[in-house]
2 protein chains.
Amino acid sequence: MKSLSIKDIAVKANVSITTVSFIINGKAKEKSISEAVIEKVEKIIAESGYKPNQIARSLRTGNSNIIGLIIEDISNSFFSRIARLIEDKAYKRGYKIIYSSTENSVDKAKELINMFKSRKVDAYIISPIKGIEEDVKMLLEDGNPVIFFDRNLPDINTSYVGADHLNASYQSIQSFIDQGKKNIALVTTDINVEQIVERYDGYKKALEDNGIKYDENLVLKIHFNQEESETISQIKQLFEQKNIDAVLFATNYLAISGLKVLKQINKKIGDDFAVIAYDDHEAFELHTPGISTVQQPLEEIAENVIKIILKQLSSKTKLENQQVIIPAKLIIRD
Amino acid sequence: MKSLSIKDIAVKANVSITTVSFIINGKAKEKSISEAVIEKVEKIIAESGYKPNQIARSLRTGNSNIIGLIIEDISNSFFSRIARLIEDKAYKRGYKIIYSSTENSVDKAKELINMFKSRKVDAYIISPIKGIEEDVKMLLEDGNPVIFFDRNLPDINTSYVGADHLNASYQSIQSFIDQGKKNIALVTTDINVEQIVERYDGYKKALEDNGIKYDENLVLKIHFNQEESETISQIKQLFEQKNIDAVLFATNYLAISGLKVLKQINKKIGDDFAVIAYDDHEAFELHTPGISTVQQPLEEIAENVIKIILKQLSSKTKLENQQVIIPAKLIIRD
DNA sequence: CTGAAAGCGCTTACAG
DNA sequence: CTGAAAGCGCTTACAG
């Protein structure tokens with residue numbers, strides 16, 4: 001069964017499709033359509049359940065009311081929670097979200113940008129990775145609103161919203177040092193993205209500022225795409241072979257692997273072994289003892305992202321780029 | 001800057017847009033376009049970075065290569081993991097996913113169906129809720145492929161993939177009874193959806209089959225949309241006021257609230273208090289002691305959903321509906 | 001107060 | 001071996 005078109009409605013109402021279009025788009029008053037006609041047409045639309053074809057509308061107007069969201073992995077709770085918040089807020093303003101996960105692959109990220117481009121999305125919200133600079137530049141040159149979140153690409157001049165990773169990491173290490181810890185390890189990933197680098201920089205800086213020598217043997221860089229069993233064995237090695245009294249995990253999934261190791265080797269978290277995990281996770285509050293974490297302000301990030309992008313969308317001209325850095329919160333649990 | 005159209009390519013190559021279209025769509029051979037022309041056009045396309053406008057293509061062909069995914073809440077890890085798997089598999093076959101969360105609201109679910117309809121998605125993957133029967137029937141009457149997963153609507157005649165909730169719940173209770181438990185509680189939600197009802201039925205049936213009297217005071221139905229603090233106080237009341245030696249949580253987020261209660265009231269899981277949680281969660285493996293769970297086979301569910309929907313999509317005619325019920329797995333941890 | 005017509009960027013049946 | 005033209009369902013400048 002074919003669905004109704006504007007023409008069907010026009011025929012039924014005995015008016016032109018122009019008139020129907022004006023009424024659908026709320027321009028009836030402005031175009032001074034008579035009350036009688038408006039009522040008649042609206043009645044027919046309501047009765048028939050007619051919905052305008054958005055595809056045709058998009059082709060004609062050039063915008064789709066869709067915002068493309070490109071993230072690393074929707075099954076990571078940080079991203080799925082942000083996605084939910086963004087979707088929610090966008091929805092209320094009449095925008096839909098179409099999303100896809102890059103799985104940290106530059107090729108896939110580029111493909112996604114292309115496919116969003118060919119779908120004519122109105123704006124792009126991207127948690128970017130190195131290697132897509134040229135593609136993003138092209139989007140910006142074509143006048144598309146693009147906003148980065150979570151991570152930034154230093155070479156690209158566009159809006160960005162993210163947490164203050166360097167500071168959060170610095171404070172975590174400072175809190176270890178205040179507790180008297182001396183041998184502080186960092187378990188991080190080998191992805192070369194800004195927010196991971198910043199966490200590393202914060203670690204290093206806090207040590208140096210406190211006169212503790214940086215020891216590269218206490219830094220474990222886990223390969224991004226490897227099996228968890230491999231990760232676990234590397235962390236186990238670090239914990240068993242080095243003399244460590246505190247550890248900062250740079251991501252929540254690394255912390256989860258790390259906690260599994262502690263369970264396996266029966267090492268207790270307590271006075272002589274402290275742990276902080278970057279990015280909160282339900283498992284951490286529940287854990288005995290509770291795991292201290294760096295909480296990123298999800299709600300604020302989502303709020304700012306959508307606010308900036310909607311403002312850009314409703315403005316005819318290119319607005320100033322905005323850089324919003326939101327402090328992260330260190331939650332101490334025990 | 002306007003992006004290139006097929007016409008621009010045709011002009012540059014000095015051929016008609018018909019020819020360019022045939023080449024883009026791989027029909028060059030079939031339409032016996034000469035090798036020389038194919039090469040020339042392909043070169044120009046590659047150099048110019050031309051991408052066909054999918055909106056125009058959709059309007060013309062009537063399909064969008066987009067599959068709509070409607071779920072309860074993308075930030076729930078069950079759904080986000082399924083979404084990731086489905087997205088992945090669809091992507092490999094050239095389909096994109098556009099998703100949205102219903103937040104368990106019938107109105108929002110209906111709106112989403114309408115908006116997907118007006119966007120002309122090629123197929124619908126829905127984790128349905130009661131109250132959208134009429135809308136789904138209309139989709140089916142219009143010839144749209146629709147598949148349900150996780151939950152089913154008994155009145156609707158369409159394909160479905162889900163876990164065997166009744167059996168999983170039955171086996172959980174049976175395992176409690178085999179351990180000698182007598183006072184077994186069920187903490188569930190008040191959402192009236194099939195898979196929640198089945199978990200309840202499995203609970204009841206297992207008790208009856210074992211000659212244990214069903215006691216409604218041991219069943220706590222938590223209101224879906226309430227604050228977690230309220231949930232926690234209700235569970236606390238159940239645990240403190242009833243004499244319970246085992247509890248089955250019907251969803252993972254309820255189990256997480258329940259574990260928080262146990263931590264608060266300092267009740268230990270062990271020989272005289274057993275716990276099973278429905279739907280695994282990273283927190284459960286990590287918990288000390290490990291929490292036994294019912295694991296839904298995410299990969300298999302996603303695999304079947306996408307297989308059935310793609311088969312339907314590539315077939316000209318309406319295929320037989322398929323009902324795939326996949327056994328869930330009881331994982332005992334301690 | 002209302003309508004005829006062009007055009008968004010494609011695909012495809014038809015013609016040669 | 002290749003192209004002119006219709007048409008998908010809308011919006012909107014223009015005309016009356």
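The questions and answers below concern a predicted model and take up one residue of chain A, the contact of chain A with chain B, and the surroundings of DNA strand D.

Reader: Is Leu248(A) buried or exposed?
Author: Leu248(A) is found in strand β8 of chain A, which covers residues 246-249. Its relative accessibility is 1%, and buried means under 20%, so Leu248(A) counts as buried.

Reader: Leaving aside neighbours within four places in sequence, which residues is Leu248(A) in contact with?
Author: Ala206(A) stands 42 residues apart from Leu248(A) along the chain, and the C-alpha atoms of these two residues are separated by 12 Å. With neighbours within four places in sequence set aside, the contacts of Leu248(A) are Ser169(A), Ser172(A), Ile173(A), Phe176(A), Ala185(A), Leu186(A), Val187(A) and Ile276(A).

Reader: How much area do chain A and chain B bury between them?
Author: The contact takes 52 residues from chain A and 52 residues from chain B. Of the area buried between the two chains, 57% is on carbon and sulfur atoms, and the total is about 5,100 Å².

Reader: How many salt bridges does the rule find across the interface of chain A and chain B?
Author: A salt bridge joins the side chains of Glu87(B) and Lys108(A), with an N to O distance of 3.8 Å. Across the interface of chain A and chain B, the number of salt bridges found by the rule is eight.

Reader: Which element supplies the largest share of the side of chain A that touches chain B?
Author: Across this interface the rule finds 24 residue pairs in polar contact, both residues being at pLDDT 80 or more. On the side of chain A that touches chain B, at least two residues each come from several elements, including α4 (54-61), α5 (77-92) and α6 (106-118). The largest share there is seven residues, and the element that supplies these is α5(A).

Reader: What share of the atoms of DNA strand D within 4 Å of the protein belongs to sugar or phosphate?
Author: DNA strand D is surrounded by 27 residues, with Ile6(A), Ser21(A), Arg60(A), Thr18(B) and Arg60(B) the closest. A side-chain N or O atom of Asn25(A) is 3.1 Å from a phosphate oxygen of the strand, and a backbone N or O atom of Ser16(B) lies 2.9 Å from a phosphate oxygen. Arg60(B), by contrast, places a polar side-chain atom 3.0 Å from a base nitrogen of DNA strand D. Among the atoms of DNA strand D within 4 Å of the protein, bases account for the rest, and the share belonging to sugar or phosphate is 60%.

Definitions and conventions. Residues are numbered from 1 along each chain as its sequence is written. Chains are lettered from A and ligands numbered from 1 in the order in which they are written. This is a predicted model: local features need pLDDT of at least 70, side-chain atom pairs count only at pLDDT 80 or more; totals for chains, interfaces and linings use all residues. Side-chain values use heavy atoms; hydrogens and water are left out. Helices (H or I, at least four residues) and strands (E, at least two) are DSSP runs, numbered from the N terminus. Buried means under 20% relative accessible area, exposed over 50%, partly exposed in between (1.4 Å probe, protein chains only). Contact means heavy atoms within 4.5 Å. Buried area is the accessible area (1.4 Å probe) that two parts lose on being put together, summed over both. A salt bridge is a side-chain nitrogen of Lys or Arg within 4 Å of a carboxyl oxygen of Asp or Glu. A polar contact is a pair of N or O atoms within 3.5 Å; within protein, one must be able to donate a hydrogen and the other to accept it, and residues adjacent in sequence count only if both atoms are side-chain atoms. A residue is near a molecule or strand if one of its heavy atoms lies within 4 Å of it.
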